[in-house]
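These are my notebook entries on a predicted model. I set down what I looked up, topic by topic.

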Amino acid sequence: MTQFTPSLPYMLSNPSSSMNKNSQIPTKPWFPTSKALSTFGDTNCMEQLLVHCANAIETNDVTLAQQILWVLNNIAPQDGDSNQRLAYSFLRALTHRAAKTGTCKMLVEQVCSTAHNTLTVDTHRFSVIELANFVDLTPWHRFGFAAANAAILEATEGFSVIHIVDLSSTHCMQIPTLIDAIANRHEVAPLIKLTVSDHACSTDHELPPKLDLSYEELGSKLVNFARSRNVTLEFRVVSSSYTNGFASLIEHLRVQRLVYSGEALVINCHMMLHYIPDETLSNSNSYLYDSISSSSAATTTTTTTTTTSTTSLRSLFLQALRGLDPTLVVLVDEDVDLTSSNLVTRLRSAFNYLWIPYDTVDTFLPRGSKQRQWYEGDICWKIENVIAHEGVQRVERVEPIGKWEQRMRNANFQGIGFGEECVGEVKAMLDEHAAGWGLKKEDECIVLTWKGHNVVFASAWLNA
């Protein structure tokens, strides 16, 4: 995968002057010959075409949008190679954006009739077994699981009660391996308290991967599994939303911290914090202001912070976590920047990152398999959210390593890095997967790579 190149083939960058830019129906649309189409087939050119299509849709240039659409429909079939499927997903997301904004209506109708489908992305609802198998397909999640579990085991050594707050997009799929590790490490296992946030109860957005049972049912399964390993597990669900920075969860944890101050408190953040809005705060988030103010006043070790009109809700959430005086905070997320307010900037960034899951899927799942459809369905959902939506509906606002590191330090956390034992466990896990996966260290983080490109980072933090 190479980066965006600025020039577009002459035939599209200089459309016929006889075409009216604002016309709804082009009089003589330009269609390249089959021979000409071969010049558009490489990944760089697909990216260029998508960028120009995005600009055409944003300016309601139906003629140019239709021309690019025709080319992309011919060079990027839905069932093509990994790069073609990637381009198809972006084209579909752009068309969905046009449908939402009301621009290029003819373009939307043409795509729906040509593709014989709707613009709705179909995401699978997993059973527990299906989801466990699903996250094991690649190191995308297992990397963070392995790194986090090793850090948690080391940080909670000697505690009789371990309280884990699992802010995860994978519905506690990390926890069974952690229970196993704790059972193997201790002759008399500590009590484990597990608190999760059921954001689906408090928001209209259900994030993939989706689960086909309630958290109460999931909790019963985890308690039974822990019992089978001679570990006592207490499971609690708190209805709390990422849309306001998990305010009710913060309040619940503060109350619990006052009552049970002697337990190890671990905040495990696995690809969930990037759903917290990255914009500045509004009056609707005043509840979290009060939460942090109370926390700062009650915790003498917390550095006093001043909330201003430019405070990011993400930063405020991290300050609230710091006020809880946690034993350990683990932060795992994807290493890409999808926060730009500019559509083309987001498109380029997403295109040059999301080729990775499409490329990896070809190494382990056959074309036409159900698991492959589920896997790519979730990627399509991400692409659609990044490209087609704005405002509160655009929840895929991933930030890169450096931005999160700065946020953590500003909240008065310090990184502790990962020891050789942890790195060895992660490398052993990677050996179970395709040869393209790798591991590297960057400052205090470890980073999962695919063919040398950063994919996911993992970091561990203590109170400064």
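**Cysteines.** I began with Cys172, which counts as buried because its relative accessibility is 2%, and the limit for buried is under 20%. I then looked up Cys380, which also falls under that limit, at 17% relative accessibility, and therefore counts as buried. I searched the whole structure for disulfides and found zero.

**Nonpolar surface patch.** I next recorded a nonpolar patch on the surface, made by Val255, Leu258, Val259 and Tyr260, with an area of about 400 Å². I placed Tyr260 in the loop that runs between α11 (247–259) and β6 (264–270). Tyr260 has a relative accessible area of 39%, so I entered this residue as partly exposed.

**Salt bridges.** I counted 24 salt bridges in the model. I followed three pairs and one network in detail.

*Glu376 and Arg85.* I found the side chains of Glu376 and Arg85 in a salt bridge, at 2.8 Å from N to O. This pair links distant parts of the chain, as Glu376 belongs to helix α15 (residues 370–388) and Arg85 to helix α5 (residues 82–101), 291 residues apart. I checked the exposure of both partners: Glu376 counts as buried at 12% relative accessibility, and Arg85 counts as buried at 4%.

*Glu157 and Arg185.* I noted a salt bridge between Glu157 and Arg185, with 3.0 Å between the closest N and O atoms. Glu157 sits in the loop between α8 (139–155) and β2 (161–168), while Arg185 is in helix α9 (residues 175–185), so the pair ties together parts 28 residues apart in sequence. I entered Glu157 as partly exposed, because its relative accessible area is 47%. Arg185 likewise counts as partly exposed, at 41% relative accessibility.

*Glu444 and Arg409.* I recorded a salt bridge of Glu444 with Arg409, in which the closest N and O atoms are 3.1 Å apart. Because Glu444 lies in the loop between β9 (437–442) and β10 (445–450) and Arg409 in helix α16 (residues 401–410), the pair ties together parts that are 35 residues apart in sequence. I looked up the exposure here as well: Glu444 counts as partly exposed at 26% relative accessibility, and Arg409 counts as partly exposed at 38%.

*Network.* Which residues are joined into one network by salt bridges that share partners? I listed Glu58, Arg97, Arg346, Glu390 and Arg394.

Notes:
Residues numbered from 1 in each chain as written. Predicted model: local features only at pLDDT ≥ 70, side-chain atom pairs only at ≥ 80, totals over all residues. Heavy atoms only, no water. Disulfide = S-S within 2.5 Å. Buried < 20%, exposed > 50% of the residue type's maximum accessible area, 1.4 Å probe, protein only. Patch = residues over 30% accessible without salt bridge, like charges linked within 9 Å, V, L, I, M, F, W, Y side chains within 5 Å. Areas by Shrake-Rupley, 256 points an atom, 1.4 Å probe, with all protein chains shown as cover. Salt bridge = Lys/Arg side-chain N within 4 Å of Asp/Glu carboxyl O. Helix = DSSP H or I, 4+ residues; strand = E, 2+ residues; numbered from the N terminus.
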